Amino acid sequence: MTVESIPVKAAPKSLVWQGDKLVSGCGRRWGRDGVERKAAFAWSFPFDAGITSVSAPYSALYQERGTEGVLLERERVVRELDRSDYQADNYDYPLALGSLGDGREVVVHCPDEYNVLQIEDAASGERLTAGRRDPQDVFHSRLSLSPDGRYLLAVGWLWHPFGTAMVYDTALALTDPATLDGEGLLPGPAVMNGEVTAGCWLDVDRLVLATTGTGTESWGNKEEPALPPRHLGVWSMSEGRWLHRTPIADAEPGVLLLPRGDQVISLLGHPRLLDTATGRLVAEWPEVGVPVKTTCFGVSHVPSPVAALHPDGTRLAVAQAESIALITLP
(Lines give C-alpha, C1' and ligand atoms only; values in the text may rest on other atoms or scores of the structure.)
Protein backbone atom coordinates (compact mmCIF):
# COMPACT_ATOMS: atom_id res chain seq x y z
CA MET A 1 0.00 0.00 0.00
CA THR A 2 2.28 2.72 -1.28
CA VAL A 3 1.55 6.45 -1.22
CA GLU A 4 3.07 8.63 -3.93
CA SER A 5 2.78 12.38 -4.32
CA ILE A 6 2.23 14.66 -7.32
CA PRO A 7 3.14 18.30 -6.56
CA VAL A 8 0.53 20.91 -7.51
CA LYS A 9 0.59 24.68 -7.47
CA ALA A 10 -3.04 24.83 -6.29
CA ALA A 11 -5.31 22.15 -4.88
CA PRO A 12 -7.67 20.70 -7.56
CA LYS A 13 -11.35 21.52 -7.10
CA SER A 14 -12.38 18.16 -8.60
CA LEU A 15 -10.66 15.00 -9.78
CA VAL A 16 -11.60 12.21 -12.18
CA TRP A 17 -9.61 9.46 -13.88
CA GLN A 18 -9.59 9.39 -17.68
CA GLY A 19 -7.58 6.27 -18.45
CA ASP A 20 -4.38 6.72 -16.47
CA LYS A 21 -4.63 10.51 -16.48
CA LEU A 22 -6.06 12.60 -13.68
CA VAL A 23 -8.23 15.50 -14.79
CA SER A 24 -9.57 18.46 -12.84
CA GLY A 25 -12.83 20.11 -13.84
CA CYS A 26 -11.14 23.38 -14.77
CA GLY A 27 -8.93 21.75 -17.42
CA ARG A 28 -5.80 20.83 -15.47
CA ARG A 29 -4.48 17.31 -16.01
CA TRP A 30 -1.68 15.07 -14.80
CA GLY A 31 -0.22 12.07 -16.67
CA ARG A 32 1.93 9.16 -15.54
CA ASP A 33 4.93 11.49 -15.46
CA GLY A 34 3.22 13.65 -12.80
CA VAL A 35 3.65 16.80 -14.88
CA GLU A 36 0.74 19.24 -14.68
CA ARG A 37 -0.68 20.46 -17.96
CA LYS A 38 -3.00 23.43 -17.79
CA ALA A 39 -5.91 24.53 -19.93
CA ALA A 40 -5.54 27.61 -22.06
CA PHE A 41 -7.95 29.62 -19.92
CA ALA A 42 -8.41 30.66 -16.31
CA TRP A 43 -11.43 31.62 -14.22
CA SER A 44 -11.71 34.99 -12.57
CA PHE A 45 -14.87 34.03 -10.67
CA PRO A 46 -14.08 32.45 -7.27
CA PHE A 47 -15.44 28.92 -7.79
CA ASP A 48 -14.26 26.65 -4.99
CA ALA A 49 -15.70 23.23 -5.92
CA GLY A 50 -16.36 21.07 -8.94
CA ILE A 51 -17.58 17.75 -10.30
CA THR A 52 -16.87 15.81 -13.48
CA SER A 53 -19.08 13.32 -15.29
CA VAL A 54 -17.56 9.85 -15.67
CA SER A 55 -19.73 9.12 -18.74
CA ALA A 56 -19.19 12.24 -20.85
CA PRO A 57 -16.91 15.26 -21.30
CA TYR A 58 -19.02 17.45 -19.01
CA SER A 59 -17.86 19.06 -15.81
CA ALA A 60 -19.07 21.84 -13.58
CA LEU A 61 -17.47 24.42 -11.33
CA TYR A 62 -19.48 26.12 -8.62
CA GLN A 63 -19.50 27.84 -5.24
CA GLU A 64 -20.02 25.10 -2.68
CA ARG A 65 -21.76 27.53 -0.32
CA GLY A 66 -22.91 30.02 -2.96
CA THR A 67 -25.39 30.22 -5.82
CA GLU A 68 -23.26 30.45 -8.96
CA GLY A 69 -21.91 27.69 -11.20
CA VAL A 70 -20.89 26.96 -14.77
CA LEU A 71 -21.32 23.84 -16.93
CA LEU A 72 -18.41 22.95 -19.21
CA GLU A 73 -17.93 20.57 -22.12
CA ARG A 74 -14.18 20.05 -21.91
CA GLU A 75 -12.97 23.66 -22.05
CA ARG A 76 -16.11 25.11 -23.67
CA VAL A 77 -18.64 26.94 -21.52
CA VAL A 78 -22.05 25.36 -22.12
CA ARG A 79 -24.05 27.62 -19.79
CA GLU A 80 -24.18 29.20 -16.37
CA LEU A 81 -25.88 27.44 -13.48
CA ASP A 82 -27.68 28.92 -10.52
CA ARG A 83 -29.61 27.90 -7.40
CA SER A 84 -31.88 29.59 -4.89
CA ASP A 85 -30.09 31.84 -2.42
CA TYR A 86 -32.32 30.64 0.44
CA GLN A 87 -29.92 29.22 3.07
CA ALA A 88 -27.34 28.72 0.29
CA ASP A 89 -24.51 29.74 2.61
CA ASN A 90 -25.51 27.00 5.06
CA TYR A 91 -25.43 23.85 2.89
CA ASP A 92 -23.57 22.39 -0.07
CA TYR A 93 -24.63 23.08 -3.65
CA PRO A 94 -26.89 20.24 -4.98
CA LEU A 95 -25.54 19.09 -8.35
CA ALA A 96 -25.00 15.84 -10.26
CA LEU A 97 -23.81 15.05 -13.78
CA GLY A 98 -24.31 11.74 -15.59
CA SER A 99 -26.41 9.79 -18.05
CA LEU A 100 -29.93 8.40 -17.83
CA GLY A 101 -30.95 4.91 -18.87
CA ASP A 102 -31.65 6.10 -22.42
CA GLY A 103 -28.12 7.51 -22.74
CA ARG A 104 -29.01 11.19 -22.44
CA GLU A 105 -26.43 13.23 -20.57
CA VAL A 106 -28.10 15.32 -17.90
CA VAL A 107 -27.58 17.88 -15.18
CA VAL A 108 -29.53 17.32 -11.97
CA HIS A 109 -29.82 20.30 -9.65
CA CYS A 110 -32.22 22.70 -7.90
CA PRO A 111 -32.12 25.79 -10.13
CA ASP A 112 -35.28 27.51 -8.85
CA GLU A 113 -36.13 26.37 -5.32
CA TYR A 114 -34.07 24.64 -2.63
CA ASN A 115 -36.56 21.76 -2.47
CA VAL A 116 -37.37 21.25 -6.16
CA LEU A 117 -35.15 18.82 -8.06
CA GLN A 118 -34.89 19.28 -11.83
CA ILE A 119 -33.35 17.07 -14.51
CA GLU A 120 -32.08 18.95 -17.58
CA ASP A 121 -30.49 17.90 -20.84
CA ALA A 122 -26.81 18.76 -20.49
CA ALA A 123 -26.25 19.87 -24.09
CA SER A 124 -29.39 21.93 -24.69
CA GLY A 125 -30.50 22.90 -21.21
CA GLU A 126 -34.00 21.56 -21.92
CA ARG A 127 -35.83 20.92 -18.67
CA LEU A 128 -36.97 17.30 -18.76
CA THR A 129 -38.99 17.52 -15.54
CA ALA A 130 -41.07 20.62 -16.19
CA GLY A 131 -44.57 20.44 -14.77
CA ARG A 132 -46.68 21.00 -11.71
CA ARG A 133 -44.83 20.32 -8.47
CA ASP A 134 -45.68 19.94 -4.78
CA PRO A 135 -42.30 19.81 -2.98
CA GLN A 136 -41.64 18.82 0.62
CA ASP A 137 -39.71 21.07 2.98
CA VAL A 138 -36.40 19.28 2.47
CA PHE A 139 -33.02 20.71 1.50
CA HIS A 140 -31.50 18.53 -1.23
CA SER A 141 -27.71 18.59 -1.21
CA ARG A 142 -25.41 15.75 -2.27
CA LEU A 143 -26.87 14.23 -5.46
CA SER A 144 -25.71 11.12 -7.35
CA LEU A 145 -27.09 8.97 -10.16
CA SER A 146 -26.89 5.18 -10.06
CA PRO A 147 -24.46 3.65 -12.60
CA ASP A 148 -27.29 2.88 -15.02
CA GLY A 149 -28.96 6.26 -14.49
CA ARG A 150 -32.19 4.70 -13.26
CA TYR A 151 -32.10 6.10 -9.73
CA LEU A 152 -31.22 9.44 -8.18
CA LEU A 153 -29.89 9.61 -4.62
CA ALA A 154 -30.31 12.86 -2.72
CA VAL A 155 -28.55 13.20 0.64
CA GLY A 156 -29.79 16.35 2.33
CA TRP A 157 -31.43 17.62 5.50
CA LEU A 158 -34.71 18.54 7.11
CA TRP A 159 -35.23 21.71 9.09
CA HIS A 160 -34.05 20.63 12.51
CA PRO A 161 -31.40 20.19 11.12
CA PHE A 162 -31.36 16.43 10.60
CA GLY A 163 -29.54 14.63 7.76
CA THR A 164 -31.62 12.31 5.60
CA ALA A 165 -31.63 10.55 2.23
CA MET A 166 -34.14 10.02 -0.57
CA VAL A 167 -34.07 7.93 -3.76
CA TYR A 168 -36.09 8.66 -6.91
CA ASP A 169 -36.86 6.82 -10.15
CA THR A 170 -35.54 9.03 -12.97
CA ALA A 171 -37.58 7.37 -15.73
CA LEU A 172 -40.75 7.90 -13.73
CA ALA A 173 -39.76 11.50 -13.07
CA LEU A 174 -39.59 12.21 -16.80
CA THR A 175 -43.25 11.26 -17.18
CA ASP A 176 -44.42 12.56 -13.78
CA PRO A 177 -42.06 15.22 -12.38
CA ALA A 178 -44.05 15.42 -9.14
CA THR A 179 -42.60 12.04 -8.13
CA LEU A 180 -39.40 13.99 -7.32
CA ASP A 181 -41.35 15.78 -4.59
CA GLY A 182 -42.49 12.82 -2.53
CA GLU A 183 -40.75 10.42 -0.19
CA GLY A 184 -39.40 8.47 -3.14
CA LEU A 185 -38.44 4.81 -3.17
CA LEU A 186 -36.62 4.68 0.17
CA PRO A 187 -39.09 4.36 3.07
CA GLY A 188 -38.73 7.26 5.49
CA PRO A 189 -38.63 5.09 8.64
CA ALA A 190 -35.62 3.20 7.21
CA VAL A 191 -33.45 6.33 7.38
CA MET A 192 -34.91 8.43 10.19
CA ASN A 193 -33.18 6.80 13.14
CA GLY A 194 -29.53 7.61 12.49
CA GLU A 195 -28.67 10.89 10.79
CA VAL A 196 -27.58 10.19 7.19
CA THR A 197 -24.45 12.10 6.17
CA ALA A 198 -23.20 10.23 3.08
CA GLY A 199 -24.19 7.72 0.43
CA CYS A 200 -23.03 6.11 -2.80
CA TRP A 201 -24.02 3.40 -5.29
CA LEU A 202 -22.15 0.09 -5.09
CA ASP A 203 -23.80 -0.98 -8.35
CA VAL A 204 -27.11 -0.55 -10.20
CA ASP A 205 -29.07 -2.12 -7.33
CA ARG A 206 -27.16 -1.65 -4.08
CA LEU A 207 -26.99 1.65 -2.25
CA VAL A 208 -24.72 2.39 0.73
CA LEU A 209 -25.73 4.96 3.33
CA ALA A 210 -23.73 6.09 6.36
CA THR A 211 -25.12 7.60 9.53
CA THR A 212 -23.70 9.65 12.35
CA GLY A 213 -24.98 10.46 15.82
CA THR A 214 -25.05 8.92 19.26
CA GLY A 215 -28.53 7.44 19.26
CA THR A 216 -29.96 10.07 21.62
CA GLU A 217 -32.23 11.37 18.87
CA SER A 218 -34.55 9.27 16.73
CA TRP A 219 -37.34 10.29 14.35
CA GLY A 220 -38.11 6.77 13.19
CA ASN A 221 -40.52 4.13 14.42
CA LYS A 222 -38.35 1.78 16.45
CA GLU A 223 -40.45 -1.16 15.28
CA GLU A 224 -39.46 -0.48 11.69
CA PRO A 225 -36.19 -1.86 10.21
CA ALA A 226 -34.18 1.36 10.49
CA LEU A 227 -30.51 2.21 10.05
CA PRO A 228 -29.16 3.08 13.53
CA PRO A 229 -26.75 5.94 14.28
CA ARG A 230 -23.09 5.49 13.33
CA HIS A 231 -23.76 2.60 10.95
CA LEU A 232 -23.13 1.58 7.36
CA GLY A 233 -26.18 0.20 5.60
CA VAL A 234 -26.47 -1.57 2.24
CA TRP A 235 -29.95 -1.20 0.76
CA SER A 236 -31.23 -3.28 -2.17
CA MET A 237 -33.50 -1.33 -4.50
CA SER A 238 -34.95 -4.51 -6.04
CA GLU A 239 -35.65 -6.17 -2.69
CA GLY A 240 -36.63 -3.02 -0.83
CA ARG A 241 -34.72 -3.90 2.33
CA TRP A 242 -31.41 -3.58 4.16
CA LEU A 243 -28.97 -6.31 3.14
CA HIS A 244 -26.48 -5.25 5.80
CA ARG A 245 -26.49 -2.84 8.75
CA THR A 246 -23.17 -2.71 10.57
CA PRO A 247 -21.62 -0.36 13.15
CA ILE A 248 -18.79 1.97 12.16
CA ALA A 249 -16.47 1.45 15.07
CA ASP A 250 -13.47 3.60 14.26
CA ALA A 251 -14.68 6.98 13.00
CA GLU A 252 -17.57 9.10 11.84
CA PRO A 253 -18.33 8.53 8.13
CA GLY A 254 -18.05 12.11 6.86
CA VAL A 255 -19.82 13.31 3.69
CA LEU A 256 -18.01 11.44 0.91
CA LEU A 257 -18.10 7.71 0.18
CA LEU A 258 -16.44 6.15 -2.88
CA PRO A 259 -17.59 2.65 -3.95
CA ARG A 260 -15.12 -0.18 -4.58
CA GLY A 261 -16.86 -3.51 -5.14
CA ASP A 262 -18.18 -4.56 -1.73
CA GLN A 263 -16.09 -1.91 0.00
CA VAL A 264 -16.30 1.85 0.36
CA ILE A 265 -13.69 4.52 0.96
CA SER A 266 -14.70 7.12 3.52
CA LEU A 267 -12.88 10.44 3.79
CA LEU A 268 -12.97 12.20 7.14
CA GLY A 269 -9.64 13.50 8.34
CA HIS A 270 -7.94 10.82 6.23
CA PRO A 271 -9.02 8.00 3.86
CA ARG A 272 -10.34 4.73 5.30
CA LEU A 273 -11.27 1.54 3.43
CA LEU A 274 -14.34 -0.15 4.94
CA ASP A 275 -16.05 -3.49 4.29
CA THR A 276 -19.75 -2.77 3.73
CA ALA A 277 -20.96 -6.18 4.96
CA THR A 278 -19.14 -6.08 8.29
CA GLY A 279 -18.16 -2.43 8.82
CA ARG A 280 -14.61 -3.64 9.37
CA LEU A 281 -11.75 -1.23 8.81
CA VAL A 282 -9.69 -2.84 6.04
CA ALA A 283 -7.01 -0.15 5.75
CA GLU A 284 -6.41 3.52 6.49
CA TRP A 285 -3.91 6.21 5.56
CA PRO A 286 -3.58 8.76 8.38
CA GLU A 287 -0.65 10.39 6.60
CA VAL A 288 -3.00 11.60 3.83
CA GLY A 289 -4.97 14.46 5.32
CA VAL A 290 -8.42 15.54 4.11
CA PRO A 291 -10.92 18.02 5.59
CA VAL A 292 -12.86 16.93 8.67
CA LYS A 293 -16.36 17.52 7.34
CA THR A 294 -19.16 15.67 9.11
CA THR A 295 -22.31 16.98 7.38
CA CYS A 296 -23.31 18.72 4.15
CA PHE A 297 -24.89 21.54 6.15
CA GLY A 298 -23.88 23.85 8.99
CA VAL A 299 -23.11 27.48 9.71
CA SER A 300 -19.36 26.80 9.69
CA HIS A 301 -18.29 25.79 6.21
CA VAL A 302 -15.63 23.09 5.84
CA PRO A 303 -14.68 22.32 2.21
CA SER A 304 -15.62 18.86 0.95
CA PRO A 305 -12.84 16.33 0.33
CA VAL A 306 -11.73 15.95 -3.30
CA ALA A 307 -10.82 12.42 -4.33
CA ALA A 308 -11.18 9.97 -7.25
CA LEU A 309 -10.94 6.19 -7.40
CA HIS A 310 -9.46 4.69 -10.55
CA PRO A 311 -12.08 2.62 -12.47
CA ASP A 312 -10.06 -0.56 -11.88
CA GLY A 313 -10.15 0.07 -8.13
CA THR A 314 -6.39 -0.08 -7.63
CA ARG A 315 -5.52 3.60 -7.08
CA LEU A 316 -7.03 6.43 -5.10
CA ALA A 317 -6.17 10.06 -5.83
CA VAL A 318 -6.71 12.54 -3.00
CA ALA A 319 -6.30 16.30 -3.42
CA GLN A 320 -4.25 18.09 -0.78
CA ALA A 321 -3.12 21.69 -0.44
CA GLU A 322 0.21 21.26 -2.25
CA SER A 323 -0.07 17.82 -3.83
CA ILE A 324 -2.22 14.97 -5.05
CA ALA A 325 -1.67 11.84 -2.99
CA LEU A 326 -1.78 8.60 -5.04
CA ILE A 327 -2.62 5.60 -2.87
CA THR A 328 -2.17 2.04 -4.12
CA LEU A 329 -5.05 0.12 -2.53
CA PRO A 330 -4.77 -3.43 -1.12
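Two strands count as a pair if DSSP finds at least two bridges between them. Keep that in mind as you work through this predicted model.

**Exercise 1. Work out how S10 and S11 are arranged, and what sits between them.**

Step 1: Start with the bridges. Strand S10 covers residues 95–99, and 5 bridges link it to S11. That passes the cut-off of at least two.

Step 2: Now the direction. S10 and S11 pair in the antiparallel sense.

Step 3: Pick out a facing couple. Leucine 97 stands opposite valine 107 in S11.

Step 4: Look at the link. The two strands make a hairpin, with 5 residues between them. In that turn, glycine 103 has a positive phi of about 95°.

**Exercise 2. Find the strand that S11 is joined to by 4 bridges, and the residue in it that partners valine 107.**

Step 1: The strand is S12, residues 118–121, and it runs antiparallel to S11.

Step 2: Within S12, glutamate 120 is the bridge partner of valine 107.

**Exercise 3. Decide whether S11 is covered or not, and check each face.**

Step 1: S11 spans residues 105–109, and 5 of its 5 residues are buried, so the strand is mostly covered. The cut-off for buried is under 20% relative accessible area.

Step 2: Split the strand by face. One side carries Glu105, Val107 and His109, while the other carries Val106 and Val108. All of these are buried, and both faces are covered.

**Exercise 4. Lay out the sheet that contains S6, and say which strands stand at the edges.**

Step 1: The sheet is open and has 4 strands in the order S6-S7-S8-S9, with antiparallel pairing.

Step 2: S6 (49–52) and S9 (76–82) are at the edges; each has a single partner strand, so one side of each lacks a neighbour in the sheet.

Step 3: Going from one strand to the next, the twist averages 20°.

Step 4: Zoom in on one pair. S6 and S7 (residues 58–62) are antiparallel over 4 bridges, and threonine 52 stands opposite serine 59 in S7.

**Exercise 5. Is proline 7 buried or exposed, and which residues does it touch?**

Step 1: Locate proline 7: its place is in strand S1, residues 3–7.

Step 2: Its relative accessibility is 61%, and the cut-off for exposed is over 50%, so proline 7 counts as exposed.

Step 3: Leave out residues up to four places away in sequence, and proline 7 touches Trp30, Glu322 and Ser323.

Step 4: Compare sequence and space for one of these. Proline 7 and glutamate 322 lie 315 residues apart in sequence, yet their C-alpha atoms are 6.0 Å apart.

Key. Residues numbered from 1 in each chain as written. Predicted model: local features only at pLDDT ≥ 70, side-chain atom pairs only at ≥ 80, totals over all residues. Heavy atoms only, no water. Buried < 20%, exposed > 50% of the residue type's maximum accessible area, 1.4 Å probe, protein only. Axes fitted to C-alpha atoms, helices over the stretch in contact; angles between N-to-C directions. Contact = heavy atoms within 4.5 Å.
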